[in-house]
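Me: I would like to learn how to read an internal cavity and the helix beside it. Please take me through one case.

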Amino acid sequence: MKNIVLVGFMGTGKTVIARRLAEDTGMTYVSTDDLIETREGRTINSIFREDGEPYFRALEKEVVKEVAVKAGQVIDAGGGVVLDGENVDNLKKGGVVICLWAEPGTIYDRTREYGHRPLLNVDDPKGRIRDILEKRKPFYRKADFHIDTTDLAIDQAVERIKEIVNETERKNG
Ligand code: S3P
């Protein structure tokens, strides 16, 4: 079984949906952020604070390279993974890449209680979300499929992904 890769902005539902998909399908749940934190023995916030975003992106690229060559995983990719074209190419080789999307207001509501995302720990998180989302649109478009989770329940998103995966497998034989 090839990988199911979930990309998309923070707060679009990647983690909860990837975990549910893994449970339902028996595939292995893998999070690039968790792998980075385990490898470094510190949080993403600490990595950004102590060594900066470029250092984090280099780690992320290594982790993506490693997970992309394994099979049978639901990969919960960090929101910025798509910014590097090689990451997207590697992930596409090993599976179907599905981008989750949501409206900025929904993203704000879903992320406001949590402090573990350095890019949103700013004075105006709403404005920041709108800005980054706009800049990243062309990168998220590179995914194979897109699902807007703004008005979807978790179960609905999971079902939609299963349909996509089944259709893709049927087409590819
Ligand atoms: C980031 C998203 C985060 C994490 C890091 C940077 C981003 O992952 O990788 O804080 O650049 O969008 P989630 O999308 O899982 O929150």
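Me: How many cavities of 30 Å³ or more does a search of the whole structure find?

Reply: A cavity is a set of points on a 1 Å grid over the protein atoms alone where a 1.4 Å probe fits but cannot get out. Points are joined across faces, edges and corners, and the volume is the space filled by probe spheres set on them. Here the search finds one of 30 Å³ or more, with a volume of about 50 Å³. The model is predicted: local features need pLDDT of at least 70, side-chain atom pairs count only at pLDDT 80 or more, and totals for chains, interfaces and linings use all residues. Residues are numbered from 1 along each chain as its sequence is written, and side-chain values use heavy atoms, without hydrogens and water.

Me: Which residues line the largest cavity?

Reply: Lining residues have an atom within 4 Å of a point. Among them are Val7, Val81, Asn87, Val88, Leu91, Phe139 and Lys142. Helices are DSSP runs of H or I, at least four residues, and strands are runs of E, at least two, numbered from the N terminus. The largest share of the lining, three residues, comes from H5.

Me: Which residues of H5 are buried?

Reply: Buried means under 20% relative accessible area (1.4 Å probe, protein chains only). In H5 these are Asn87, Val88, Asn90, Leu91 and Gly94. They lie on the same side of H5, because they cover an arc of only 165° around the axis, taken from the directions from the helix axis to the C-beta atoms.

Key. On a 1 Å grid over the protein atoms alone, a cavity is a set of points where a 1.4 Å probe fits but cannot get out, and a pocket is an open set with protein on both sides within 12 Å along at least five of seven lines; lining residues have an atom within 4 Å of a point. Buried means under 20% relative accessible area, exposed over 50%, partly exposed in between (1.4 Å probe, protein chains only).
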